[in-house]
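Please open the model in your viewer and keep the sequence panel beside it. The tour moves from the whole chain to a sheet, then to a helix and a ring pair.

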Amino acid sequence: MELSRRKDLVCREVDGSLVGLDLRSSRYFSLNQTGTFLWGLLEGGSERAVLVDALVDQHHIDPAVAGQDVDAFISSLQEQDLLEG
C-alpha cells in the first residue's frame, strides 16, 4: 500500500528536524532527523518496503530493526492523521 503525507500540512525544516502544522486541527508536530528523512520519502508517496530499505541504507541498521522503526513511525503518523493512503 502506498502511503503519502497529507497535502494540507505546512512544514518547515529547522536544523535537520521538521516542524509542521496540521491546518485542519491547528496542531503542531515535530519529527527528529530520521523522521524528517522518512517524511521526505513520503512527499510523493512511498511503500513501506522502500522506507525500510532507505533506513537500512542511510543508517546501516539491521532490516528487522528498520522495519520495526518504520512501522512505529507510520503508526504514529496515522494516529495523528498525517497520512493519506
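Begin with the whole chain in view, and with its contacts: among those with a separation of 6 or more, 45% are between residues 24 or more positions apart. Bear in mind throughout that this is a predicted model.

**The whole chain**

Colour the chain by secondary structure, and three helices and six strands should appear, which follow one another along the sequence as β-β-β-β-α-β-α-α-β. The radius of gyration of the chain is 12 Å, close to the 12 Å that the globule rule gives for 85 residues, so the chain is as compact as a globular protein of that length. If you turn the C-alpha trace onto its principal axes, the spans come to about 35 × 30 × 20 Å. Switch next to a surface display: the chain exposes about 5,100 Å², and carbon and sulfur atoms supply 50% of that area, while 36% of the 85 residues count as buried.

**The sheet**

Now select residues 2-5, which are strand E1, together with 46-47 for strand E5 and 83-84 for strand E6. These three strands form an open sheet in the order E5-E1-E6, with antiparallel pairing. Because E5 and E6 stand at the edges and each has a single partner strand, one side of each is left without a neighbour in the sheet. Zoom in on E1 and E5, which pair in the antiparallel sense over two bridges, and label Glu2, which stands opposite Glu47 in E5.

**The helix across the sheet**

Keep the three strands displayed and add residues 33-42, which form helix H1. Helix H1 lies across E1, E5 and E6, and its direction is at about 110 degrees to that of E1.

**The aromatic pair**

Which two residues form the tilted aromatic pair? Show the side chains of Phe29 and Trp39, whose rings make up this pair, with 5.7 Å from centre to centre and 55 degrees between the planes; the count for the model comes to one aromatic pair. Phe29 lies in strand E4, residues 27-31, and Trp39 in helix H1, so the pair ties together parts that are ten residues apart in sequence. Are these two residues buried or exposed? Since the cut-off for buried is under 20% relative accessible area, Phe29 counts as buried at 8% relative accessibility, and Trp39 likewise counts as buried at 2%.

Terms used:
Residues numbered from 1 in each chain as written. Predicted model: local features only at pLDDT ≥ 70, side-chain atom pairs only at ≥ 80, totals over all residues. Heavy atoms only, no water. Pairing = 2+ DSSP bridges. Helix = DSSP H or I, 4+ residues; strand = E, 2+ residues; numbered from the N terminus. Contact = heavy atoms within 4.5 Å. Axes fitted to C-alpha atoms, helices over the stretch in contact; angles between N-to-C directions. Rg over C-alpha atoms; globule rule 2.2 N^0.38 Å. Buried < 20%, exposed > 50% of the residue type's maximum accessible area, 1.4 Å probe, protein only. Areas by Shrake-Rupley, 256 points an atom, 1.4 Å probe, with all protein chains shown as cover. Phe/Tyr/Trp six-rings, centres within 6.5 Å; stacked < 30°, edge-to-face > 60°.
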